Amino acid sequence: MRRPRALGAVLSVVATTVASAGLVLGSGTGAQAAATAATPLPAHVFAPYFESWNGDSPAALSQASGAKYLTMAFLQTEARGSCTPYWNGDSSTPVAQSVFGADFTTMRSRGGDVIPSFGGYTADNGGTEIADSCTSVDSIAAAYEKVITTYDVSRLDMDIEDNSLENGAGIDRRNKAIKKVQDWAAANGRPLQISYTLPTTTSGLADSGLAVLENAVANGAKVDVVNLMTFDYYDGAAHNMAQDTKTAISGLKDQLADLYPSRTDAQLWGMTGIIEMPGIDDYGPAETFTTADAPVVYDWAVSKGVSTLSFWALQRDNGGCPGTGGNDTCSGIAQDTWYFSHTFAPFTSGSGPVTDDYSVAVAPASASVAPGGSTTADVRTAVTSGSAKTVALTVSGAPAGVTAALAPASVTAGGTSKLTVSASDSAAPGTYRLTVTGASGTLSHSAALTLTVSGPGGGTGVLVNGDFESGSPSPWTCDTGSAVVSAPVHGGSHALAVAATASQTGECAQSLALSPNTRYTLSGWVQGNYGYLGVRGDATASVWGSSSGYAKQSVTFTTGSTGAVTVYLHGWYGQGTVHADDLSVTS
């Protein structure tokens, strides 16, 4: 984990060389080792990271946010060559009951706990991760033991990235020390889990991370959980962060199956962990985890039986700095304070009473209908927490000449209703947004269907008004503030300006009914910072760039079985207006 870049701003710590604390493995008395043996963590736990260096109280923020379990970042040595870990590598905050001990006791009294984490980007980059810094396996193991007995914890996390992934000697020492501590814990009847936190690609671990686990297997060190940092990909591409989380963790599960061939699917999923970064991450707007992404990841993690759900970091869970990426104290997007914590908190097994809640989705999310015709979509509901309640469904936004009906008009959460949309012969061609709302008591959730009524000019597939020479955005549907302008233009006398602000991307979208299972190219001329051109629905593809003048952007995609897609253009939060002109979809 990084600070920032994801956690990677180097901390200001005294770089004074200190001697090893001289710990000896098993140096604690038998009473110390076995007394009040730690309570194991729940099988499924939400444990966001807590920045240990900023003076906040873990117990206070745990209570305020509702996050009962915290991953404490980070433990590292003060200088290269040392074998003594400190919080944040600062000798004024040693591993001692006087530092955080009272907070941890308070959190346990409220049904929570902590996971101390060794390493982090700063330590891994600077050589102060303890297994990189210390050349004695016994001293490393003794340091792990001291953390366990001082704070009475049942899991240690190893955050290994950057230079630490290339330090073969450190990797081997770390896993040998873990094996020693696991043997010590077993001999003393103390529950102990080890998790590794590692970088990821969109398809699972890179070879360097996989090598860390292979070395653990070779050394007999048991790895209970592998957390992937599913917020940083560093590939220059625009990302659907929720979807990429799914593919990354699914890839990890397959890699674990190769390492642990005797384990069942459920056991393998139970070894996986997810770490997100709320809002705009350190890499930039292309990797932004939104409030809409959070429930998608939550539902998927629950359905798969993922072990650990986390994010960097608790102090970021607020909307105090819209448009700012990689900040330690805010997410960079418009959000309610503690939104992500409240969304993820029910993930913890045995976390206590939770609110009865549900989700609403429309599938497909876009459709096309010809005048005189009809189309259908499924309105799907799901229980996201608590018990299933009755959800009353309504639909709004249908234009003149279009009717929309739901059957049934209410379902028990988890059920599906059929949405039927019919267009009369007089229905005006264009693209419209229909909103399906599900209400249960005081709760209300909505989902949208983008409906295209086809007509002369290509509603059956050709992009309509892609040069904007009509002087109006129609049939594009745009965020407030986006409009057709007369300058700057690429061709003709008009272009589209999408107004990206601190709270919106300025998106303009148009739905098309293309031929199923067919390859197309979406292209156009785009000017401005972080201009995104893409397609979603029955195909998913996008391209983005930043240019002070008009630059050609294009992306290919292949439709699925329906051919119903939505073409979109947008900017990014706080990055200014993006202009587009001469857009087209060709086969």
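In this predicted model, the rings of Phe, Tyr and Trp form 23 aromatic pairs when their centres lie within 6.5 Å. A pair of aromatic rings is described by the distance of the centres and the angle of the planes. One of these pairs joins W87 and F100, whose ring centres are 5.4 Å apart and whose planes stand at 90°, an edge-to-face arrangement. The pair links distant parts of the chain, since W87 belongs to strand β4 while F100 sits in the loop between β4 and α3, 13 residues apart. Both W87 and F100 are buried.

Another edge-to-face pair is made by W572 and Y573, with ring centres 5.3 Å apart and planes at 80°. W572 is buried, with a relative accessible area of 10%, and Y573 is likewise counted as buried, at 16% relative accessibility. These two rings also belong to a cluster in which ring pairs link Y530, Y532, W544, W572 and Y573.

**Confidence along the chain**

The average pLDDT of the protein is 88, and 91% of the residues score at least 70. Against that average stands the stretch of residues 2-36, where pLDDT stays under 50 and for which the model has 81 contacts beyond four places in sequence. Residues 456-461 also have a pLDDT below 50, and this stretch has 14 contacts in the model beyond near neighbours in sequence. Where pLDDT is low, the predicted coordinates should not be read in detail.

**Nonpolar cores**

The largest nonpolar core holds 95 residues, of which Y144, L156, M158, Y196 and L213 touch the most other members. Helix α6, spanning residues 137-151, supplies the largest share of this core, with 8 residues. For L213, once its neighbours within four places in sequence are left aside, the contacts are with Y196, L198, L205, V223, V226, L256 and L259. A second core, separate from the one just described, consists of 25 residues, among them W476, Y520, A541 and V585.

Helix α6 also contains S139, which counts as buried at 14% relative accessibility. The C-alpha atom of S139 is separated by 9.9 Å from that of S82, although the two residues are 57 places apart along the chain.

**A mixed sheet**

Strands of a sheet pair through backbone hydrogen bonds, either parallel or antiparallel. In this model, five strands form an open sheet in the order β14-β21-β20-β16-β18, and their pairing is mixed. Its edges are β14 (366-369) and β18 (410-412), each of which pairs on one side only, and the twist from one strand to the next averages 30°. At the β18 edge, strand β16 (residues 390-396) pairs with β18 in the antiparallel sense over 3 bridges, and T390 stands opposite T412 of β18.

**Backbone features**

Which residues are joined by cis peptide bonds, and which residues other than glycine have a positive phi? The table collects two bonds and two phi values.

| Residues | Feature | Angle |
|---|---|---|
| A73 and F74 | cis peptide bond | omega about -10° |
| S474 and P475 | cis peptide bond | omega about 10° |
| N88 | positive phi | phi near 65° |
| N465 | positive phi | phi near 60° |

The cis bond between A73 and F74 involves a strand residue, as F74 lies in β3 (residues 69-77). By contrast, P475, which follows the cis bond from S474, lies in the loop between β21 (443-453) and β22 (477-478).

The two asparagines with positive phi are both found in loops. N88 is placed in the loop between β4 (85-87) and α3 (101-109), the loop that also holds F100. N465 lies in the loop between β21 and β22, as P475 does.

Are these two asparagines buried or exposed? The relative accessible area of N88 is 10%, so N88 is buried, and N465, at 13% relative accessibility, counts as buried too; both values fall under the 20% cut-off.

Definitions and conventions
Residues are numbered from 1 along each chain as its sequence is written. This is a predicted model: local features need pLDDT of at least 70, side-chain atom pairs count only at pLDDT 80 or more; totals for chains, interfaces and linings use all residues. Side-chain values use heavy atoms; hydrogens and water are left out. pLDDT is the predictor's confidence in each residue, from 0 to 100. Contact means heavy atoms within 4.5 Å. Helices (H or I, at least four residues) and strands (E, at least two) are DSSP runs, numbered from the N terminus. Buried means under 20% relative accessible area, exposed over 50%, partly exposed in between (1.4 Å probe, protein chains only). A nonpolar core is a set of buried Ala, Val, Leu, Ile, Met, Phe, Trp, Tyr and Cys residues joined through side-chain atoms within 4.5 Å. Two strands pair if DSSP finds at least two bridges between them. Axes are lines fitted to C-alpha atoms, for helices over the stretch in contact, and angles run from 0 to 180 degrees between N-to-C directions. Rings of Phe, Tyr and Trp (its six-membered ring) pair if their centres lie within 6.5 Å; planes under 30 degrees apart count as stacked, over 60 as edge-to-face and the rest as tilted.
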